[in-house]
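Me: I have a structure open in front of me and would like to learn how to read it. Could you walk me through it, one feature at a time?

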Amino acid sequence: MDEEIKVNKEGSKDYSEKAITPRATDYSAWYLDVIDAAGLAEHAPVKGCMIIKPYGYAIWEAIQKILDKKFKESGVENAYFPLLIPERLLKREEDHVEGFAPEVAVVTHAGGKELEEPLVIRPTSETIMYEVFSKWIHSYRDLPLLINQWANVVRWEMRPRLFLRTTEFLWQEGHTVHATDADADARARQMLEVYKWFAEEYLAMPVLVGQKSESEKFAGAAKTYSVEAMMQDGKALQFATSHNLGQNFSKVFDVKFLNEKGENEFGWQTSWGCSTRMIGGLIMTHSDDKGLILPPRIASISAVIVSIGSEADRARVTEEAQTLGMKLTAETGLNIKVDVRDKRPGDKFYEWEKKGVPVRLELGPKDIASDSVVMVRRDTGEKTTVAQDELAETLKSTLEAIQKNLFDIALARKNERTKKADNWEDFKKLIDEGNFVLAHWDGTPETEAEIKADTNATVRSIPFDMEKEEGVCVKSGKPSKMRVIFARSY
RNA sequence: CGGGGUGUAGUAUAUCGGUAGUAUACUUGUUUUGGGAACAAGAGGGCUGGGUUCGAUUCCCAGCACCCCGACCA
C-alpha cells in the first residue's frame, strides 16, 4: 500500500491530485473520487443530472448486453414508448399518482404557447404502456405479453448523487401481462432471479432477494420484490426491483382479455427494472483506495499491456507489445489494451489501476529476453512472471480467479456484517455500526415508521429464504413469526 | 424543501480591504524510463449579481453550486 502518498504532510510530496480520499476517512468523498479518478462520470450543468463519460458508459453497455440477451431468452421483446405522458394518464391510478406526484417534471409550454394538457416526462412508463396494452390485448391467446424497454426517465429527486440518484437516469423497464395472478407472480419472481444471477455472476455482488414491506412498496403495486446489496460501509443499496402489480393497473387502464370461457377478465401484470444505479453499487462494492476495481466479466478492458523501455529499446518494445496484444486478443477473444505511450512506467501503471482494469501485463526488455511477461492482479496486487506461451491460459484463469475473489470478499463482508438483534439497544447499536440487522418486527407500517424515525433504518427486505421463528418485535414487543432485514440505505 | 458547512487555476490549497502565492496536473525543450523522475521555459485563478468603500477575492446581502444531516427515491 502507498499510505505515504495519501498523507499530505510537510516533508512528503503532495500527491493529492493522484491519490483519492481513503474510504475510512470519508466514504462519500471516496466514492466521488473513484468515479472521478476512473473517468466514469461527472455532474452536468443541469441540476441533478449526470454526464456519463465513455469509460462509464462502456460499463452500462456491458450490462445492457448481458441482461438484454437474458431477457430475450425468457421470451421478452424490446419496444419503445414515448418520453412524454399526458398528465391524465398518470393520474388514473390513485396510489401511482400519489407516489410519483412530488417528483415528476411537467412540460406546460410547447410550440410557443401553453399546452391545453400538460405533459409529464416519464418517471416510469406503466401508465403510457398500459393505455396501449389495452388495445393490443383481446384474448387469452395474446398472453402473456412480455415487453421491455431501455430508456431514460426523469425523477426530480431532492438529493442527487452520481449514479445512485440522479434527476435523469438510464434504465430498463420490463412490463408484462398474464392471464392469472400465479403466472404474473411467477414472472415477477423469475425476473428477480435474473437480477440476482446478473449481480452475482457478473458484478460479483452477493445479494439478498426478498419482498418489500408495505411502506417500501412501489406506488401501485400489489407486491414489490427487490434485490438488495451491501456496500462497503454496510449500507444497503436496492439493486433492482420486480413488482407484482396484480390488477391494480389493468382495472384503471382497462387491460382486459377474453378467457377460455369467453368471459372478460382483467390482466395480471408485472413490472421490473434496474438502472445505472447498479454502476454505483458496483463501485461501492469492490473499489479500493487506489480507485475503481472492475470484476473481469464486466470490464470493457480485460487486461492492459504496458510497455517499459528506455529510448534505445522503445521501438523494439513497442512492436513486441503490439504483437503480443494482437496475439493475446486472438487467443483469448478478450479486449486487451496495449499502452505503449512514451511515459514513465509508474504513470501508466497508476492510470490503469485507477480505471480498475483487472490485470496489468508489464513488458520490457528483460521480459522479452526471457519470453515472459509480468502479470499483476488489480484486486490483490500480486505479481507473477508468466511465460509468453502460457499467457493466454494463465490470463483466463487469473481473470476467473479475480472474479471469484471479488465475490468472496463481498460475500464475507455481507456475512460478517449481517447480525441478529433481540432487543432495542442492540438493534440501535448494530444499525449505527453499519450492519444488516436481522430482527423481529411486528409487521406494521407504524412500527416501521417509528424505527425509521429513531434510527433511520428501514425494512430492506423480507427475505424469501428466512426461516420461521417465533419472537417479539424489537421495537413494539408484539409477537412476530420471522426476522426481517433492517438497514440504513442509499 | 428544512438545518449546517464550503465556494480562490484542471486538482489541492496559502495569504490578504491596495500587484493573488505555492504544489501538482498541463504545454514546450533537454536529460530520463521495471511503481507517481530532474532541470528550464510557458499558459492558466478569486461562483454570479448587488451593497459598503477612494479601492472588494477579502466585509455585508441575495442568488447559484457543491458537501454533510433530514424528508424522497431505481
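Reply: Gladly! Helices and strands here are DSSP runs, with at least four residues for a helix and at least two for a strand, numbered from the N terminus. Counted that way, chain A has 15 helices and 25 strands. Keep in mind that this is a predicted model.

Me: How does the radius of gyration of chain A compare with the globule rule for 490 residues?

Reply: The radius of gyration of chain A is 26 Å and the rule gives 23 Å, which is close, so the chain is as compact as a globular protein of that length. Its C-alpha trace spans about 85 × 55 × 50 Å along the principal axes. Of the contacts between residues at least 6 apart in sequence, 66% join residues at least 24 apart.

Me: What share of the residues in chain A is buried?

Reply: A residue counts as buried when 20 or more other C-beta atoms lie within 10 Å of its own. In chain A, 42% of the 490 residues are buried. The largest nonpolar core has 98 residues, and Tyr195, Phe239, Val437 and Phe486 touch the most other members. Helix α7 (residues 181-201) supplies the largest share of this core, with eight residues. There is also a second, separate core of 19 residues, including Val120 and Ile137.

Me: Which residues is valine 437 in contact with, leaving aside its neighbours within four places in sequence?

Reply: Its partners are Lys419, Ala421, Phe427, Leu430, Ile431, Phe486 and Ala487.

Me: And the sheet: in what order do the eleven strands lie?

Reply: Follow the pairing from one edge to the other. The order is β3-β7-β8-β14-β11-β10-β9-β22-β25-β21-β20, in an open sheet with mixed pairing. At the edges, β3 (77-78) and β20 (418-420) each pair on one side only. For a close look at one pair, take β22 (residues 458-463) and β25 (residues 483-487), which run antiparallel and are joined by three bridges. There, serine 461 stands opposite isoleucine 485 of β25.

Me: What should I look for in a helix such as α2?

Reply: Start with the general idea: an α-helix has 3.6 residues a turn, so residues three or four places apart point the same way. Helix α2 (residues 27-38) has twelve residues and reaches 17 Å from first C-alpha to last, close to the expected 16 Å. Its buried residues are Trp30, Tyr31, Asp33, Val34, Ile35, Ala37 and Ala38. These pack against β1 (41-43), α3 (54-73), α9 (277-286) and α11 (345-354). Right after α2 comes glycine 39, with a positive phi near 75°.

Me: How many of the ten residues of α9 are buried?

Reply: Ten of ten, so to speak the full set: α9 is mostly covered. Arg277 and His286 are among its buried residues.

Me: Which residues are closest to RNA strand B?

Reply: Ser28, Met158, Gly346, Gly364 and Lys366 are the closest of the 49 residues that surround RNA strand B. By element, α11 gives the most to this surface, with six residues. Others that give two or more are β11 (236-246), α12 (365-369) and β18 (372-377).

Me: One last residue: is tryptophan 156 buried or partly exposed?

Reply: Count the C-beta atoms within 10 Å: tryptophan 156 has 17 others, fewer than the 20 needed for buried and over the 12 that mark exposed, so it is partly exposed. Tryptophan 156 sits in the loop between β7 (145-154) and β8 (168-178). Beyond residues up to four places away in sequence, tryptophan 156 touches Glu103, Val104, Ala105 and Thr167.

Key
Residues numbered from 1 in each chain as written. Chains lettered and ligands numbered in written order. Predicted model: local features only at pLDDT ≥ 70, side-chain atom pairs only at ≥ 80, totals over all residues. Core = buried A, V, L, I, M, F, W, Y, C linked by C-beta atoms within 7 Å. Contact = placed C-beta atoms within 7 Å. Pairing = 2+ DSSP bridges. Rg over C-alpha atoms; globule rule 2.2 N^0.38 Å. Expected span 1.5 Å × (residues − 1). Near = placed C-beta within 6 Å.
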